[in-house]
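Hello,

Here is the structure I promised to send you. Please open it beside this email and follow along as you read.

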Amino acid sequence: ATNNDYGLTGVNLVARRAADAHVAVPLSAVYNGESSSAAASSRAQDDFLTSLQRAGIRVVVLFMLGGDARALLERAAARGLVGPDRVWIGPDGLNTLSPNLAAADGLLIT
């Protein structure tokens, strides 16, 4: 999630609903996204993706503005993390993804 009202509200809602349903949320990350420097944002994305890989997480919900989500998905795709073995659920702002990435298996745009 990005560190703004949209991201924080969404991630908190998912955490509450998951707890109510006794569903584990093994990883939750918040970062500054577009408001941070490009280098800091890239490091935060890389750290998140590394944690995602290590934890073996297969379902990812992105509560991020379109630009932030797009940047993260592009990095994830470059690392081989977008495809049929993982589900990414993202905001409608992702409707501007490149055609190859938009057609990737496992990508759901709300």
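Before we look at the sheet, one term: two strands pair if DSSP finds at least two bridges between them. Keep in mind too that this is a predicted model.

**The sheet**

With that term in hand, you can find an open sheet of three strands, in the order 1-2-3 and with parallel pairing. Strand 1 (59-61) and strand 3 (107-109) stand at the edges, and each has a single partner strand, so one side of each is left without a neighbour in the sheet. From one strand to the next, the twist averages 15°. Strand 1 and strand 2 (residues 87-90) run parallel and are joined by three bridges. Which residue of strand 2 is the bridge partner of valine 60? It is tryptophan 88.

**The core**

Tryptophan 88 turns up again in the largest nonpolar core, which has 20 residues. Along with Leu62 and Leu73, Trp88 is one of those with the most contacts inside this core. Helix 2 and helix 3 (66-78) each supply at least two residues of the core, and helix 3 gives the most, with four. As background, nonpolar side chains tend to be buried together in soluble globular proteins.

If you leave aside neighbours within four places in sequence, tryptophan 88 is in contact with a long list of residues, including Leu49, Leu52, Val60, Leu62, Leu72, Leu73 and Leu108.

**Helix 3**

Here is a small check you can repeat yourself. At 1.5 Å a residue, the 13 residues of helix 3 should span 18 Å, and the end C-alpha atoms are 18 Å apart, which agrees.

Which residues of helix 3 are buried? They are Gly66, Asp68, Ala69, Leu72, Leu73 and Ala76. These residues cover an arc of only 160° around the axis, which puts them on the same side of helix 3. It helps to recall that an α-helix has 3.6 residues a turn, so residues three or four places apart point the same way. Just after helix 3, glycine 80 takes a positive phi of about 80°.

**Glutamine 45**

Finally, have a look at glutamine 45, which sits in helix 2 (residues 38-55). Is glutamine 45 buried or exposed? With a relative accessible area of 4%, glutamine 45 falls under the 20% cut-off, so it counts as buried. Apart from neighbours within four places in sequence, glutamine 45 is in contact with Tyr31, Asp68, Ala71, Leu72 and Arg75.

Enjoy exploring!

Best wishes

How values were computed
Residues numbered from 1 in each chain as written. Predicted model: local features only at pLDDT ≥ 70, side-chain atom pairs only at ≥ 80, totals over all residues. Heavy atoms only, no water. Buried < 20%, exposed > 50% of the residue type's maximum accessible area, 1.4 Å probe, protein only. Contact = heavy atoms within 4.5 Å. Core = buried A, V, L, I, M, F, W, Y, C linked by side-chain atoms within 4.5 Å. Expected span 1.5 Å × (residues − 1). Arc of directions from axis to C-beta. Axes fitted to C-alpha atoms, helices over the stretch in contact; angles between N-to-C directions.
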